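Me: Please take a close look at one part of this structure and then work outward from there. I am new to it, so explain each term where it comes up.

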Number of protein chains: 2
Amino acid sequence: MQQGSARRSNRDRTAATRAELIAAARKLFTDKSYAETGTPEIVAAAGVTRGALYHHFADKQALFAAVVEQEAQAVSEEIERASPPSLFARDALIAGSDAYLAAMRAPGRTRLLLLDGPAVLGRAAMDVIDNRHGNRSLREGLVAAMRSHSMTRLPVEALTALLAAAFDRAALAIEAGASIEDYRAVLMALIDGLSPAPPQASHPARTR
Amino acid sequence: MQQGSARRSNRDRTAATRAELIAAARKLFTDKSYAETGTPEIVAAAGVTRGALYHHFADKQALFAAVVEQEAQAVSEEIERASPPSLFARDALIAGSDAYLAAMRAPGRTRLLLLDGPAVLGRAAMDVIDNRHGNRSLREGLVAAMRSHSMTRLPVEALTALLAAAFDRAALAIEAGASIEDYRAVLMALIDGLSPAPPQASHPARTR
DNA sequence: CGAATAACATACAGTCTGCATGTAAATGGC
DNA sequence: GCCATTTACATGCAGACTGTATGTTATTCG
């Protein structure tokens with residue numbers, strides 16, 4: 001018999017505390033930056049003490065990694081939600097691209113995922129995270145396009161990485177106030193430029 | 001009359017101290033990272049005290065910015081040295097690309113310029129630095145290619161930024177051990193894909 | 001040749017990180 | 001159901017670092 005609000009299983013306690021820490025850290029890491037956010041501030045916002053933080057996470061970096069992972073997965077889910085797999089290869093790529101750019105407009109996401117993430121965790125670690133989430137659909141889209149011969153055959157890893165890098169930079173520029181149309185046009189031109197046939201119109205047959 | 005090694009003009013003292021601080025900081029920032037390098041370590045390596053550092057630079061970030069600026073200029077000079085302006089537009093672009101990738105293989109440069117730089121100074125500040133140095137030749141090469149109708153007309157700012165982003169990611173991947181040939185091939189395919197004519201061969205007329 | 005200023009050096013306050021230690025709550029075998 | 005063990009925290013501490021304030025020495029300039 002439990003009195004009041006107590007009597008929670010250990011697993012629930014861990015899950016709740018970790019979630020609150022990650023949520024508080026996410027808010028602060030997106031509002032400010034990794035370097036400008038201290039662990040005292042995080043635990044205060046989460047309603048725990050620094051002891052809890054260092055019990056559940058090895059260090060500040062590990063908490064940051066958890067936040068990055070969660071946010072990368074959120075972006076990935078928004079992309080997959082917006083791009084049904086039943087389209088033509090090129091259309092799927094474009095839908096995914098727009099979904100990515102839209103997802104990255106959440107406040108602070110670009111700094112978290114594109115600036116602090118690589119600097120704090122390293123590019124290698126970010127590649128692992130990206131390949132587990134967001135880049136997967138991009139790579140699959142590229143492979144599908146290559147298989148349907150609507151894209152020249154190229155090393156898939158490299159192509160995925162470089163296109164992803166272009167998308168990342170576009171997201172940063174757009175957040176900084178650049179023209180969405182300009183960057184979208186260049187991204188489409190880069191993708192269409194990879195098709196073996198001369199890209200005359202977007203769709204095979206369609207008069208404007 | 002000066003005894004020993006003393007009697008230096010104030011301007012010389014400033015120049016010498018600043019240079020030594022920047023050199024020491026450059027070594028440490030490329031050996032380790034910005035976050036892992038403390039000002040006590042920097043001034044010890046430079047043979048001065050922290051007082052001198054904070055006399056010449058507003059804070060640690062300002063010293064870091066000076067190092068980034070110097071390193072970006074070094075990269076830019078290596079590119080311009082390797083790419084004579086008398087070639088065809090596409091050849092100039094390729095020569096510049098290879099020079100950039102070669103220049104970025106200096107130890108620690110990728111982390112300094114591509115990871116820590118954007119995270120510490122922000123993408124906007126890095127864009128200003130890049131546009132003052134490295135990106136200039138890239139942008140000029142693209143404009144030249146567009147004027148000679150060997151490249152489709154696109155927003156120049158956006159195209160420069162996105163191609164630069166791809167080059168940056170390629171440099172990071174190569175440093176991480178990826179295949180140079182793969183990434184070079186994709187970069188060339190991205191550039192060649194922007195030409196309005198169907199890209200059959202690299203040069204206008206040349207069998208294989 | 002002094003007064004003003006620049007180029008440092010030294011000392012200090014505040015903050016942060018990671019760890020070590022202590023305590024309360026849950027778990028699991030008997 | 002009870003007790004030993006483990007887990008989930010809280011508290012306190014040591015070391016390091018950043019930025020600034022103050023003091024000192026070397027230049028510059030009228």
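Reply: The buried residues of α1(B) are B:Leu21, B:Ile22, B:Ala24, B:Ala25, B:Arg26, B:Leu28, B:Phe29 and B:Thr30. Buried here means that 20 or more other C-beta atoms lie within 10 Å of the residue's own, while 12 or fewer make it exposed and anything in between partly exposed, with C-beta atoms placed from the backbone. This is a predicted model, in which local features need pLDDT of at least 70 and side-chain atom pairs count only at pLDDT 80 or more, while totals for chains, interfaces and linings use all residues. Residues are numbered from 1 along each chain as its sequence is written, and chains are lettered from A and ligands numbered from 1 in the order in which they are written.

An α-helix has 3.6 residues a turn, so residues three or four places apart point the same way. The buried residues of α1(B) pack against α2, α3, α4 (60-82) and α6 of chain B. Helices are DSSP runs (H or I, at least four residues), strands are runs of E (at least two), and both are numbered from the N terminus. In length, α1(B) has 22 residues and reaches 31 Å from its first C-alpha to its last, close to the 32 Å expected at 1.5 Å a residue. That expected span is 1.5 Å times one less than the number of residues.

α1(B) also takes part in the surfaces around the DNA. Near DNA strand C, at least two residues each come from α1 (10-31) and α3 (50-56) of chain B and from α1 (10-31), α2 (39-46) and α3 (50-56) of chain A. A residue is near a strand if its C-beta atom, placed from the backbone, lies within 6 Å of it. There are 24 residues around DNA strand C, and A:Thr39, B:Thr17, B:Thr49, B:Gly51 and B:Ala52 come nearest. By class, this surface near strand C has five nonpolar, eleven polar and eight charged residues. The nonpolar class is Ala, Val, Leu, Ile, Met, Phe, Trp, Tyr, Cys and Pro, the charged class is Asp, Glu, Lys and Arg, and the others, Gly among them, are polar.

For DNA strand D, α1, α2 (39-46) and α3 of chain B and α1 and α3 of chain A each supply at least two residues. Here 25 residues surround the strand, and the closest are A:Thr17, A:Thr49, A:Gly51, B:Gly38 and B:Thr39. The surface near strand D has five nonpolar, eleven polar and nine charged residues.

The next topic is how the two protein chains meet. In this model, 33 residues of chain B are in contact with 33 residues of chain A, where contact means C-beta atoms, placed from the backbone, within 7 Å. On chain B, the elements that give two or more residues to this side are α6 (109-121), α7 (123-132), α9 (156-175) and α10 (180-192). α9(B) gives the most, with twelve residues. By class, this side of chain B has 25 nonpolar, two polar and six charged residues.

The largest nonpolar core has 116 residues, and those with the most contacts inside it are A:Leu162, A:Ala166, B:Leu162 and B:Ala166. Such a core is a set of buried Ala, Val, Leu, Ile, Met, Phe, Trp, Tyr and Cys residues joined through C-beta atoms within 7 Å. Leaving aside residues up to four places away in sequence, A:Ala166 touches A:Leu187, A:Leu190, B:Leu162, B:Ala165 and B:Ala166.

Two copies of a chain are related by a rotation about an axis and a shift along it. Chain B can be laid on chain A with an RMSD of 0.0 Å by a turn of 180 degrees and a shift of 0.0 Å along the axis, and that is the relation of a two-fold axis. The superposition is by least squares on the C-alpha atoms of residues with pLDDT of at least 70 in both copies. The same surface serves both copies, as 100% of the contact residues of chain B recur in chain A. Among the residues of chain B, B:Gly193 comes closest to the rotation axis, at 1.9 Å (C-alpha).

Chain A itself has ten helices and zero strands. Its C-alpha trace spans about 70 × 40 × 30 Å along its principal axes, and buried residues make up 41% of its 208 residues.

One backbone detail remains. Most residues other than glycine have a negative phi. Phi of B:His149 is near 60 degrees, a positive value in a residue other than glycine. B:His149 is in the loop between α8 (134-147) and α9 of chain B, and B:His149 counts as exposed because 12 other C-beta atoms lie within 10 Å.

Terms used
Contact = placed C-beta atoms within 7 Å.
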